[in-house]
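Here is a friendly tour of a protein and its ligand. Take a look at the model below, and then we can walk through it together.

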Amino acid sequence: MSPARNAGHQARPPDFSPREFRASLGMFATGVTIVTARTASGELAGLTASSFNSVSLDPPLVLWSLAQAAGSMAAFANGQHYAINVLAADQQALAERFAARDVDRWQGVEFVEGVSGAPLLTGCVATFECFNRSQYTEGDHVIFVGEVERCSRRAAASPLLYHGGRFYTEHPLQGSQADPSAPQAPDDRFVGSYLGYLLGQANHAVYRDFENAITAQGLTHIAWRVLAVLHDAALSPDEPAGVAIGQLAHDVLAKQPTVTKLVQRMAEEGLVALHADAADQRRTLVLATDTGQRIAAALIAQAREQETTLLARWSPREAETLKRHLQRLAQGR
Ligand SMILES: Cc1cc2nc3c(=O)[nH]c(=O)nc-3n(C[C@H](O)[C@H](O)[C@H](O)COP(=O)(O)O)c2cc1C
């Protein structure tokens, strides 16, 4: 069905001022998006928009509206694709910047290119990559309907909220006791939200591609962990003579007899050297040999590279917060 007008009828003239209208609209709380595009000549376009909404599930359609007077109108009206980036609670500054005039909105902004070239901002809670399906001029705005080609989200991330002309960075439900009798959205079901399951899945995502690098060096997973711990120890002034087997077992999450057997095998393979602790002859210390260090260094470089790829769409602050929380969890705090 094409756009239909209510022909033959007319609206009553408004009995409210523009201010009253805006204030009433402000009672509708929304999220905040930045709509982005790459023009045919390669320029970046983007603006803050809260007029985003869903339209249809099948086909997947969304809408947003743009002021006719907007400087970026030509970029969006003429482009084939755009991306709708739903901002996270810690992205208020970005929302303000992409609504401001006379600033370089893109300076220092991290993004990756979407499937059709539209910029996907790092650190958002969701992105919708849209084909520019249709446009409807209504009043002083143009309504853009986008056909969603790709969408992604960060589960458990908090969106930035907007209401009454103000930003809200704290989600009202954050930290509150959820009502256990409330119906649960699919993502809140036990399996998808259980910490153990999430950690298992995350572990799989982290190691999926790195696993091959470990086996290519002829190592088992524990042997890789042993080499990584010994590599760190060699850089630390506290353990110049090596790491005690008990400490090593603790660090690589294995039983002491298992690690004792493993390091003996690794010593035969020339990856580590064992010697008695000068301060306590009953204690065996383990050091990586030059070969062991070289293999560890190569694997660590690969691990770091793979981590960077995995976290490419996270802001540095998010990545650091994630690691801090994981450390806290591991330490039982
Ligand atoms: C929270 C927020 C929501 C906004 N939503 C919209 C919107 O939905 N549509 C729009 O045209 N402008 C919206 N704006 C205003 C634009 O971001 C602003 O006018 C911007 O300067 C337009 O950029 P341009 O002139 O480069 O296109 C919003 C601003 C803020 C702060």
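How many helices and strands does the protein have? The protein has eleven helices and 15 strands, counted as DSSP runs from the N terminus (helices are H or I of at least four residues, strands are E of at least two). This is a predicted model, in which local features need pLDDT of at least 70 and side-chain atom pairs pLDDT 80 or more, while totals for chains, interfaces and linings use all residues. Residues are numbered from 1 along each chain as its sequence is written, and side-chain values use heavy atoms, without hydrogens and water.

The C-alpha atoms fill a box of roughly 100 × 50 × 40 Å along the principal axes.

Now to the ligand. Around the ligand there are 17 residues, of which Thr48, Ser51, Ser65, Gly71 and Ser72 come nearest (near: a heavy atom within 4 Å). This shell divides into eight nonpolar, seven polar and two charged residues, with Gly counted as polar.

The table lists polar contacts (pairs of N or O atoms within 3.5 Å).

| Backbone partner | Ligand atom | Distance |
|---|---|---|
| Ser50, N or O | nitrogen | 2.9 Å |
| Ser65, N or O | nitrogen | 2.8 Å |
| Gly71, polar atom | oxygen | 2.8 Å |

Taken alone, the ligand exposes 640 Å², and the protein buries 81% of that (Shrake-Rupley method, 1.4 Å probe). Which elements give two or more residues to the shell around the ligand? They are β3 (44–49) and β5 (61–67).

Conventions. A polar contact is a pair of N or O atoms within 3.5 Å; within protein, one must be able to donate a hydrogen and the other to accept it, and residues adjacent in sequence count only if both atoms are side-chain atoms.
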